[in-house]
There are 2 protein chains.
Amino acid sequence: MIKILSDHPNRSFRLDYFCSRFNAAKSSISEDLAIAKKILSENDLGMMITVPGVGGGVKYVPYITDAQVLEVQKELCRHLAGPERIMGGGFLYTSDIMFSPGVAEKLAAIFARKFADAGADYVVTLETKGIPLAFTTARLLDIPVIVVRRETKISEGPTISINYFSGSSGKMQKMSMAKKAARRGSNALIIDDFMRAGGSLKGITELLDEFDIKVCGIGVAIAAGDIPETKVGEYTSVVRLMGVDESSGTIDVVPNIQIF
Amino acid sequence: MIKILSDHPNRSFRLDYFCSRFNAAKSSISEDLAIAKKILSENDLGMMITVPGVGGGVKYVPYITDAQVLEVQKELCRHLAGPERIMGGGFLYTSDIMFSPGVAEKLAAIFARKFADAGADYVVTLETKGIPLAFTTARLLDIPVIVVRRETKISEGPTISINYFSGSSGKMQKMSMAKKAARRGSNALIIDDFMRAGGSLKGITELLDEFDIKVCGIGVAIAAGDIPETKVGEYTSVVRLMGVDESSGTIDVVPNIQIF
């Protein structure tokens with residue numbers, strides 16, 4: 001039961017399901033769930049929560065402790081600190097990190113904890129490097145992902161597009177989203193790999209506004225820490241990139257302690 | 001232990017790890033692992049395998065039965081069959097499916113089963129829609145993902161690019177991969193969401209060839225079934241799209257029975 005529940009985070013399973021799956025009485029299933037709940041919580045492996053009501057049952061909610069969050073933050077700092085990552089123009093090579101399943105899982109666990117009660121209907125990201133992180137966060141929250149595209153494709157059907165100023169590239173860029181992608185009036189959690197001045201996140205917010213979608217949270221893995229004012233309001237970053245010194249090969253990156 | 005092992009598929013854990021994690025003797029851990037192994041296999045929830053040798057230990061290997069594979073195939077066919085998916089030019093809207101964590105998990109389980117012994121060092125995909133599937137497959141195989149990009153970015157550092165003919169768009173396109181992305185002489189499993197004539201998969205193969213990387217498998221979620229000859233050799237598709245009739249709104253999609 002632990003395996004089935006934790007393979008489907010935040011999804012509610014009826015007790016009946018386990019009764020028929022394991023051919024067992026409701027009382028035995030209840031007893032076993034109580035034991036499973038205790039094991040998980042005692043070992044900091046997440047929570048098992050009883051969902052009341054008609055559609056109710058039991059669900060697994062991932063949870064990591066403050067100490068585990070800090071450990072992930074430090075690990076990301078260590079990953080990022082190698083001078084071989086410096087690519088010129090203050091840019092860092094991070095594709096290997098962002099596309100690593102192990103890293104994405106850990107970062108996503110932080111966002112899933114932070115935004116557990118944000119009421120998001122979707123996780124939204126702009127292609128490409130934030131996709132694994134957004135996808136993994138969505139899996140933990142049991143909601144779908146919407147990937148905002150840079151190019152429109154015929155297979156997307158009708159789209160809504162906006163132009164925005166990207167500080168990273170120093171030019172106007174376009175982003176678009178399929179009209180079929182989301183229900184009007186829903187809530188979105190924006191997840192991305194990197195934020196400098198927040199131009200693309202502001203663009204996503206404006207694009208979502210065209211769909212009457214409210215942004216209920218913004219999470220980024222790495223935020224540039226040397227930007228005095230960003231274009232977006234409140235956001236949560238896992239680490240802050242304070243500076244890159246190309247001549248000495250030094251990368252100054254620290255955990256964001258405001259995450260707690 | 002089941003939770004920890006199944007959260008990290010194909011990753012070997014030493015018994016010592018569990019001894020210290022749960023403050024238990026090696027003999028108790030061994031006994032419990034034997035029970036866990038039995039529970040998983042009896043309930044078709046995957047396998048627990050003992051890894052011999054110095055670096056050995058125990059690992060969880062995801063496994064789904066033939067019946068489960070067929071169920072996933074049928075489910076994908078049902079998802080795809082809605083006439084509202086038809087976008088003109090025979091294209092189908094599939095973003096919601098490909099970006100659904102639940103669907104990606106199930107499809108990835110099929111690829112992880114098919115390519116368990118292919119010896120892949122990387123999962124490679126071309127952005128964008130195949131990323132969740134490639135990423136989830138990589139997580140199950142415990143290997144990293146490489147995302148081949150359409151545009152080169154400064155943060156990628158030096159890249160190698162090729163031009164290829166894309167049948168879907170009817171024009172030449174470019175794809176590129178960061179020189180830092182992969183070790184020369186390794187093996188790659190290519191995973192993508194859709195294949196028509198195989199132009200982009202052939203392109204990926206040629207690009208990987210520039211890195212001395214051998215393709216040890218190709219898996220696609222949906223393959224067009226009405227193409228007499230593809231540009232790539234052997235590949236595995238989950239379902240075959242036999243035809244789309246725009247006038248009647250009929251989508252003919254069937255499980256690929258050659259998957260077994």
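**Sheet, helices and symmetry of the predicted model**

In this predicted model, strand β7 (residues 187-195) of chain A and strand β8 (residues 214-224) of chain A pair in the parallel sense over 8 bridges, and A:N187 has A:K214 of β8(A) as its bridge partner. Both strands belong to an open sheet of 6 strands in chain A, in which the order is β4-β3-β7-β8-β9-β10 and the pairing is mixed. The edges of this sheet are formed by β4 (145-148) and β10 (250-255) of chain A, each of which pairs on one side only, and from one strand to the next the twist averages 25°.

Two helices of chain A lie across strands of the sheet. Helix α7 (residues 131-141) of chain A lies across β3 (122-126), β4, β7 and β8 of chain A and runs at about 180° to β3(A), while helix α4 (residues 66-80) of chain A lies across β9 (236-245) and β10 of chain A, at about 170° to β10(A).

In chain B, helix α6 (residues 101-114) packs with helix α7 (residues 131-141) at an angle of about 55°, their axes being 8 Å apart; α6(B) and α7(B) are therefore oblique to each other, and their crossing is right-handed. Residues that make the contact include B:L107 and B:F111 of α6(B) as well as B:L133 and B:L140 of α7(B), and by class the contact has 10 nonpolar, 2 polar and 1 charged residues.

A turn of 180° with a shift of 0.0 Å along the axis lays chain B on chain A with an RMSD of 0.0 Å, which is the relation of a two-fold axis. The same surface serves both copies, since 100% of the contact residues of chain B recur in chain A.

Note on methods
Residues are numbered from 1 along each chain as its sequence is written. Chains are lettered from A and ligands numbered from 1 in the order in which they are written. This is a predicted model: local features need pLDDT of at least 70, side-chain atom pairs count only at pLDDT 80 or more; totals for chains, interfaces and linings use all residues. Copies are superposed by least squares on the C-alpha atoms of residues with pLDDT of at least 70 in both. Two residues are in contact if their C-beta atoms, placed from the backbone, lie within 7 Å. Axes are lines fitted to C-alpha atoms, for helices over the stretch in contact, and angles run from 0 to 180 degrees between N-to-C directions. Helices (H or I, at least four residues) and strands (E, at least two) are DSSP runs, numbered from the N terminus. Angles under 35 degrees count as roughly parallel, over 145 as roughly antiparallel, 65 to 115 as roughly perpendicular and the rest as oblique. A crossing is left-handed if the near helix is turned anticlockwise from the far one by less than a right angle, and right-handed if clockwise. Ala, Val, Leu, Ile, Met, Phe, Trp, Tyr, Cys and Pro count as nonpolar, Asp, Glu, Lys and Arg as charged, and the others, Gly among them, as polar. Two strands pair if DSSP finds at least two bridges between them.
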